[in-house]
Amino acid sequence: MTTAETATPATRPAAAIGPRPGGFGGGGAMTPATNSIGLAAEHFAASMLYLVAGSAGLVWIAPELAAGTFLSPHVAGVTHLFTLGWITTTIFGALCQLLPVALGAPLRSVRVAHASFWTFAPGVGLFATGIASSSTTLHNVGISFVAVGIVLAVANIGASLRTARMRDATWAAVILATGFLSSTLLFGIILLHNLDTGFIAQWRLHVLASHLHVAIVGWAVIMMSGVSYRLLPMFLLAHGADTRWIRGALVLLTAGVVALPIGLLTGVALVAWLGVLLLEGGVACFLCQALAFHRVRVRKQLDPGLRFAAAGLAFLAASAVLGPVVLARGVGHGHLAVAYVATGLLGGVALFIVGFFYKIVPLLAWTARYRNKMGKGKVPTVAETYSARVATVQFWFMVLGVVLLATGAGAAWAHVARCGAVLFLGGALLFASQMARLVLGGHS
Ligand code: HEM
């Protein structure tokens, strides 16, 4: 069991020599829960491996993306290296810290969290490889592990949230998002069974569109909104912002992510369009909330992590513009659909998570390495544990990579899509080198 650490200046790492000032690498008043750092670390190590594997996979599937063939098993396999391997594993790892530190909800069971990790993380690799290679045995074994991992994680998170001392928008968002993760799993299992049997026939596209919106918006974007509500003010040193937007974001995103699949699966266009309208409103509220924090920030210069998060939000906005066009043209319009999902998933969600990773992981690594060395000689700051210059190069590689990949897919330019994928892979490798440097302890 972990203990929640409360926010008092006395618990902050010493500002002069440690993280400046305390909190998840930002300016608030929260310090890491040291007894779940190992748990978070195993999640983050695995998610980093999956980011690199997924990025290498992008180079491989770039021509298929440019051809608009999003129903290819290769595309589905690589997609899940990102969605389950990078995004979901990182969220699970971050929650090991967020629940005790930010919500006053110690993890119900650290042992169950480890068990969830050791079933989920290997399961993702088997599942993605099984889908990509069209191996029924492999994807069935993989999904069994993935499902056990998700059920354990959802049960553990749910039990922890019952004891939370803080019951605010972040708490509500974590509950909503984990609920949508469970629905994602159900839609996913239907789609997987369909790959073997074809039992949903012409409904495949509608179920797929429902699955990916429940997953991306319900699981990832709602989680991002809730977590940013708590962490952005700390990262930006933003006090006194108007926080009313978050309620609109959570209500509209939730309503939209329920209405859209109902509209798609019943074939009632009006309900599907209502869903789109609600989702657009929800994304707009989320962006307004982030802007409200940004407007009152004390820290004027954005550090590497915040630049990635800002880029993620910009891509999310671009994807929200494309969404209605995709629905108007029909979900079967491959090129546009691929550009839409690439912009939202790779640009919006994946890059936003890279940004928060940059904020959280160096602080945890710093705490693990230096907390007992404070006052016993020179200790680097958190910012000195990675290179800001490499982070800037990584930023442009990844941002340009998403732009070229989405453009190449939208315009059917295979070379452009492949260039984008190579750039994105370059960015992922630089990112991995930064994290290796953190672990090995080199600093500038
Ligand atoms: C929870 C376990 C999951 C399972 C079992 C699963 C299963 C599947 C399957 C079988 C497909 C291919 C459908 C087809 O081609 O007919 C698919 C597609 C997709 N899934 Fe998942 N999924 C899961 C989680 C997620 C998550 C968490 C996300 C996003 C955050 C996600 C996003 C997507 C996307 C974007 C596609 C479309 C990829 C393509 O074009 O082939 N999935 N999923």
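Here is a short chat about the fold of this predicted model.

User: How many helices and how many strands are there in the chain?

Analyst: Reading along the sequence, you meet one α after another: α-α-α-α-α-α-α-α-α-α-α-α. So the tally for the chain comes to 12 helices and 0 strands.

User: What radius of gyration does the chain have, and why compare it with a compact globule?

Analyst: Let's start with the outline: the C-alpha atoms fill a box of roughly 65 × 45 × 40 Å along the principal axes. A compact globule with 444 residues would have a radius of gyration near 22 Å, so that's a handy yardstick. The chain agrees with it, at 21 Å.

User: What share of the contacts in the chain, with a separation of 6 or more, comes from residues 24 or more positions apart?

Analyst: Some background on the inside of the chain: buried residues make up 54% of the 444 residues. As for contacts with a separation of 6 or more, the share from residues 24 or more positions apart is 76%.

User: Are α4 and α5 roughly parallel or roughly antiparallel?

Analyst: Helix α4 covers residues 136-161 and helix α5 covers residues 169-197, and their axes are 11 Å apart. They pack at an angle of about 165°. Angles over 145 degrees count as roughly antiparallel, so α4 and α5 are roughly antiparallel.

User: Which class of residue has 13 members in the contact of α4 with α5?

Analyst: α4 passes α5 in a left-handed crossing. The contact includes Ile143, Ala147, Ile150 and Val154 of α4, along with Val174, Ile175, Leu181 and Leu185 of α5. By class there are 5 polar and 1 charged residues, and the class with 13 is nonpolar.

User: At what angle do α2 and α3 pack, and are they roughly parallel or roughly antiparallel?

Analyst: The axes of α2 and α3 are 7 Å apart, and the angle is about 170°. Since anything over 145 degrees counts as roughly antiparallel, α2 and α3 are roughly antiparallel.

User: How many charged residues are there in the contact of α2 with α3?

Analyst: The crossing of α2 and α3 is left-handed. Among the residues making the contact are Gly77, Leu81, Leu84 and Gly85 of α2 and Ala121, Val124, Phe127 and Ala128 of α3. They divide into 13 nonpolar and 6 polar, and the number of charged ones is none.

User: At what angle do α2 and α10 cross?

Analyst: Helix α2 runs over residues 73-103 and helix α10 over residues 334-370. The crossing is left-handed. The axes come within 11 Å, and the angle is roughly 35°.

User: How many nonpolar residues are in the contact of α2 with α10?

Analyst: On the α2 side you'll find residues including Phe82, Trp86 and Ile87, which meet residues of α10 such as Leu345, Val349 and Phe356. The contact has 2 polar and no charged residues, and the nonpolar count is 12.

User: Is Leu363 buried or exposed?

Analyst: Leu363 lies in helix α10. Its C-alpha is 6.0 Å from that of Val382, though the two are 19 residues apart in sequence. Leu363 has 24 C-beta neighbours inside 10 Å, and 20 or more is the mark to reach, so Leu363 counts as buried.

User: What about Arg162, buried or exposed?

Analyst: Arg162 is found in the loop between α4 and α5. Trp219 is 57 residues away in sequence and 19 Å away, C-alpha to C-alpha. With 8 C-beta neighbours inside 10 Å, Arg162 counts as exposed.

User: And Leu440: is it buried or exposed?

Analyst: Leu440 lies in helix α12, residues 414-440. Its C-alpha is separated by 25 Å from that of Phe352, 88 residues apart along the chain. There are 8 other C-beta atoms within 10 Å, so Leu440 is exposed.

User: What is phi of Ser134 near?

Analyst: Ser134 has its place in the loop between α3 and α4. It is partly exposed, with 14 other C-beta atoms within 10 Å. Its phi is positive in a residue other than glycine, near 55°.

User: And what is phi of Ala412 near?

Analyst: Ala412 lies in the loop between α11 and α12. It counts as partly exposed, with 15 C-beta neighbours inside 10 Å. Its phi is also a positive value in a residue other than glycine, near 60°.

Definitions and conventions: Residues are numbered from 1 along each chain as its sequence is written. This is a predicted model: local features need pLDDT of at least 70, side-chain atom pairs count only at pLDDT 80 or more; totals for chains, interfaces and linings use all residues. Helices (H or I, at least four residues) and strands (E, at least two) are DSSP runs, numbered from the N terminus. The radius of gyration is taken over C-alpha atoms; the globule rule is 2.2 Å times the number of residues to the power 0.38. A residue is buried if 20 or more other C-beta atoms lie within 10 Å of its own, exposed if 12 or fewer, and partly exposed in between; C-beta atoms are placed from the backbone. Two residues are in contact if their C-beta atoms, placed from the backbone, lie within 7 Å. Axes are lines fitted to C-alpha atoms, for helices over the stretch in contact, and angles run from 0 to 180 degrees between N-to-C directions. Angles under 35 degrees count as roughly parallel, over 145 as roughly antiparallel, 65 to 115 as roughly perpendicular and the rest as oblique. A crossing is left-handed if the near helix is turned anticlockwise from the far one by less than a right angle, and right-handed if clockwise. Ala, Val, Leu, Ile, Met, Phe, Trp, Tyr, Cys and Pro count as nonpolar, Asp, Glu, Lys and Arg as charged, and the others, Gly among them, as polar.
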